[in-house]
Structure formats: C-alpha cells, structure tokens
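Let's take a walk through this protein together, beginning at its ligand and moving outward from there. Have the sequence and the 3D view open as you read.

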Amino acid sequence: MSDAAHEAILRDPSEPEIGPIRSDELEDLFVLFTGVVARREGYPQAPPLTREVFDATWVRPVTVVIVARVEGTLAGAYYLKPNFPGRAAHIANAGYIVDPRFRRRGIGRLLLQDTIARAPEVGFDAVQFNLVFASNPARQLYEELGWREIGRVPCAVEGEDAIVYWRAVE
Ligand SMILES: CC(C)(COP(=O)(O)OP(=O)(O)OC[C@H]1O[C@@H](n2cnc3c(N)ncnc32)[C@H](O)[C@@H]1OP(=O)(O)O)[C@@H](O)C(=O)NCCC(=O)NCCS
C-alpha cells in the first residue's frame, strides 16, 4: 500500500472487517510478523524471521487465523491453537499483531473480543497467553477483558520477566 493510500484510510477510517484469513493474505501476514520480530515487539522469536519459524507460529499447528482488514488491507491478526496436547488441548493459545500504522485505533481490542466469542465455537474453553513481556502495554487490555495473571516466568526474554495469563471462554 502506498503512503498516500494509507493516509486516505486514516483520514476516513471505516470499521475494520474481522474474519478468517484468505490464502492470498498470508504473504502480507509474513511481512507484518517479520516487522514485529525485527523490532522485538512482544514475541520471543529471534530476528531475522525465517519462513520456517513463521509457518511454525502462524500456519502448521494453527486452528484458525483471524485477520482485521481496513478497506481491504490487512491491519492485524491473531491465531488460535491448542496450548497443550491431548487432555489439556481444550486450552487455547493465542497471539496478536497489529500493523504499527493501525495501532491505538481499537483493532487489538476487536481481535481480543473476537477471540472470546470464537474460541468456544472452535472447541476451546479457555485461552492462555504463555509469555507476555512484563513491559507490554497490551497487559492492560488483557486484564480489562478478563484475563488473569496466573504466573510469572523470571528472566524469560533477554532478562525480562514474562506473565502467564488465562481466561475461561465458555
Ligand atoms: C499489542 C497490540 C496487538 C495492540 O494493538 P492495538 O490495535 O494498538 O490495540 P488497541 O488500539 O485495541 O488498544 C487497546 C488497549 O490496549 C492498551 N494499549 C495498547 N497499546 C498501547 C500502548 N502502546 N501504550 C499504552 N497502552 C496501550 C490500552 O489500554 C488500549 O486502550 P486505549 O486505547 O483505550 O487506551 C499491538 O500493539 C501490537 O501488535 N504489538 C506488537 C506485538 C505484541 O506485543 N503482541 C502481543 C504479544 S503478547
């Protein structure tokens, strides 16, 4: 997308459209996640992001990937997948990203709200986040939407603690 097109969207934003990813959007998601990993934002994956690591996060073990589109442009996404095998596979793991150009406009909140509604529909009764960096401002959003801190991993990523969050979604 050109800068002019992006400026036009910001001037006259329409409601983001939320829905399952299309196969032709996978490349845009790769580019978006590559940037997040390169900036060391919220995920432990080490830069530079490889296709293999991207696939292992967003493609192969994933139950569903949901995206937010603004005027047809991929602005954010989240994945849902079992956090544990077998008898604990009823607990999902989820991960969220929003394009920096579209942040602080409520898209992250929409994706979280979508998770709460959608996770039970695809067979989960709880959603757990394993490694939320202690400094991540998203913690405020998670707590506001009902996730509770159930643990803390000391020195998880480059010396920083990480928080484990859990929420029932039945
Ligand atoms: C976390 C992330 C998905 C939030 O997306 P977003 O669309 O900007 O979030 P929203 O606009 O819906 O913000 C919702 C709330 O989250 C909190 N929040 C989000 N970003 C924040 C920031 N940079 N500073 C302070 N609060 C922030 C605020 O409480 C905000 O509510 P408010 O706007 O009413 O104050 C986005 O910043 C991102 O992609 N970060 C990099 C990847 C990442 O850290 N993912 C989470 C891994 S655990």
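Four elements each contribute at least two residues to the shell around the ligand: strand E4 (91-98), helix H4 (107-121), strand E5 (126-133) and helix H5 (138-144). Keep in mind as you look that this is a predicted model. In total, 20 residues surround the ligand, and if you want a place to start, the closest are Gly42, Arg103, Gly108, Pro137 and Leu141. The shell has a mixed character, with 10 nonpolar, five polar and five charged residues.

Now step back to the whole chain. The protein has five helices and seven strands, and when you follow the sequence they come in the order α-β-α-α-β-β-β-α-β-α-β-β. With a radius of gyration of 16 Å, close to the 15 Å that the globule rule gives for 170 residues, the protein is therefore as compact as a globular protein of that length. Its C-alpha atoms fill a box of roughly 45 × 35 × 30 Å along the principal axes. Among the contacts with a separation of 6 or more, 59% are between residues 24 or more positions apart.

Which residues lie at the heart of the largest nonpolar core, touching the most other members? They are Ala77 and Ala94, in a core of 38 residues. Helix H2 (26-38), strand E2 (64-70), strand E3 (73-82), E4, H4, E5 and E7 each give two or more residues to this core, and E3 gives the most, with six. You have already met E4, H4 and E5, which also supply residues to the shell around the ligand. To see how Ala77 is surrounded, set aside its neighbours within four places in sequence: Ala77 is then in contact with Ile21, Leu29, Val65, Ile66, Val67 and Ile97.

Across the protein, 28% of the 170 residues count as buried. Strand E6 (residues 148-157) makes a good stop here, as this strand is hardly covered: none of its 10 residues is buried. What does E6 pair with? Six bridges join E6 to strand E7 (residues 160-168), and the two run antiparallel. You can pick out one pairing by finding Arg152, whose bridge partner in E7 is Ile163. The hairpin of E6 and E7 has two residues between the strands, and in this hairpin Glu158 takes a positive phi near 45°. E7 also gives two or more residues to the largest nonpolar core, which brings our walk back to the core we visited earlier.

Note on methods:
Residues numbered from 1 in each chain as written. Predicted model: local features only at pLDDT ≥ 70, side-chain atom pairs only at ≥ 80, totals over all residues. Near = placed C-beta within 6 Å. Nonpolar A, V, L, I, M, F, W, Y, C, P; charged D, E, K, R; others polar. Rg over C-alpha atoms; globule rule 2.2 N^0.38 Å. Buried ≥ 20, exposed ≤ 12 C-beta atoms within 10 Å, placed from the backbone. Contact = placed C-beta atoms within 7 Å. Pairing = 2+ DSSP bridges. Core = buried A, V, L, I, M, F, W, Y, C linked by C-beta atoms within 7 Å.
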